[in-house]
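Reader: Please take one part of this model, look at it closely, and then work outward from there. I would like a connected account rather than a list.

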Amino acid sequence: MDKYQQSHKDKLFKPDRLDVYVESHRPRGLAQCPQCGVKYHAGQWTWHVDLSAQEVESFLCPACRRTLDQAPAGEVRISGGFLKTHEDEIIHLLRNTEEREKHDHALERLISIVRDGDELVATTTGIHLANRIGHALDAAYDGQSSYRYSDSESYLSVDWHRD
Ligand SMILES: [Zn+2]
């Protein structure tokens, strides 16, 4: 990983990174998403809190809103001959990376994995997961990757290629 990528990776963990979906859809108090079951507590969306004895608002979480709106925060485009012979394995890696990521970062999820011509395109609800998937592909298969952030850093597009 070069310095440019590393500096971006560090930035992703800043708590003050603004996500318009998170900022514009905040419950007033305790809440639970009727779609995925994630809970809102102390200003965070998390799986790891028990609110069963408390009164909670039913509130669609930002990740489910993005999925419903088909409004990804990140995408990973996978291309090259390696994809043709390893597609199932790659899809498995994408899903595994999502499982690990969303355990601690509840709003980081895959929206879809679809074929677009010769490319496989994964879209995500958070830029963090797109970044993780790019690095997981690099670590597992040693391809070529590039990371492009939007000016506001609210969108990340990753291209990964191996011949
Ligand atoms: Zn949800």
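Author: In the hairpin formed by β8 and β9, six residues lie between the strands, and Glu 153 takes a positive phi near 60 degrees. The model is a predicted one, and this applies to everything that follows. Strand β8 covers residues 144-149 and is joined to β9 by six bridges, the two strands running antiparallel. Within this pairing, Tyr 147 stands opposite Val 158 of β9.

Strand β9, residues 156-161, also pairs with β5, residues 74-79. Here too there are six bridges, but the two strands run parallel. On this side Asp 159 of β9 has Arg 77 opposite. The two partners of β9 can be placed in a wider arrangement: five strands form an open sheet in the order β6-β7-β5-β9-β8, and the pairing is mixed. At its edges are β6 and β8, each of which pairs on one side only. From one strand to the next, the twist averages 15 degrees. In a regular strand, side chains alternate between the two faces of the sheet.

Helix α5 goes with this sheet. The helix spans residues 127-141 and lies across β5, β6, β7, β8 and β9. Relative to β9, α5 runs at about 15 degrees.

Two residues of the sheet deserve a closer look. One is Arg 77, found in strand β5. Which acidic side chains make polar contacts with Arg 77? Asp 116 is joined to Arg 77 by a side-chain polar contact of 2.6 Å, and Glu 119 by a side-chain polar contact of 2.7 Å. When neighbours within four places in sequence are left aside, the contacts of Arg 77 are Asp 116, Glu 119, Leu 120, Val 121, Val 158, Asp 159 and Trp 160. That list includes Asp 159, the residue opposite Arg 77 in β9, and Val 158, which stands opposite Tyr 147.

The other is Ala 122, which belongs to strand β7, residues 119-124. Is Ala 122 buried or exposed? Its relative accessibility is 0%, so Ala 122 counts as buried. Setting aside residues up to four places away in sequence, Ala 122 touches Gly 74, Glu 75 and Val 76, as well as Leu 94, Leu 110, Ser 112 and Ile 113. Ile 91 lies 31 residues from Ala 122 in sequence, with the two C-alpha atoms 9.1 Å apart.

The edge strand β6 leads on to another part of the chain. The buried residues of helix α3 pack against β6 (110-116), α2 (20-24) and β3 (44-46). Helix α3 runs from residue 62 to 69, and its buried residues are Pro 62, Ala 63, Cys 64 and Arg 66. Leu 68 is also located in α3, but its relative accessibility of 66% is over the 50% cut-off, so Leu 68 counts as exposed. From Leu 68 to Ile 111 there are 43 residues in sequence and 9.0 Å in space, C-alpha to C-alpha. After α3 comes Gln 70, which has a positive phi near 50 degrees.

One of the buried residues of α3, Cys 64, takes part in a metal site. Which atoms coordinate the zinc ion? They are the SG atoms of Cys 33, Cys 36, Cys 61 and Cys 64, at 2.3 to 2.4 Å. Along the chain these donors follow the spacing C-x2-C-x24-C-x2-C. Cys 36 and Cys 64 connect distant parts of the chain: Cys 36 sits in the loop between β1 (31-32) and β2 (39-41), Cys 64 in helix α3, and 28 residues separate them. The arrangement of donors is tetrahedral because the four atoms subtend angles of 106 to 116 degrees around the zinc ion. For four tetrahedral donors the ideal angle at a metal is 109.5 degrees. Cys 64, at 10% relative accessibility, counts as buried, whereas Cys 36 is partly exposed with a relative accessible area of 26%.

For the chain as a whole, the secondary structure comes to five helices and nine strands. In sequence order they give the pattern α-α-β-β-β-β-α-β-α-β-β-α-β-β. The chain has 163 residues, of which 43% count as buried. Of the contacts between residues at least 6 apart in sequence, 60% join residues at least 24 apart.

Terms used. Residues numbered from 1 in each chain as written. Predicted model: local features only at pLDDT ≥ 70, side-chain atom pairs only at ≥ 80, totals over all residues. Heavy atoms only, no water. Buried < 20%, exposed > 50% of the residue type's maximum accessible area, 1.4 Å probe, protein only. Helix = DSSP H or I, 4+ residues; strand = E, 2+ residues; numbered from the N terminus. Contact = heavy atoms within 4.5 Å. Donors = N, O, S within 2.8 Å, 3.2 Å for Na, K, Ca; no water. Tetrahedral: all angles 85-135°; square planar, octahedral: opposite > 155°, others 65-115°. Pairing = 2+ DSSP bridges. Axes fitted to C-alpha atoms, helices over the stretch in contact; angles between N-to-C directions. Polar contact = N/O pair within 3.5 Å; in protein donor to acceptor, adjacent residues only side chain to side chain.
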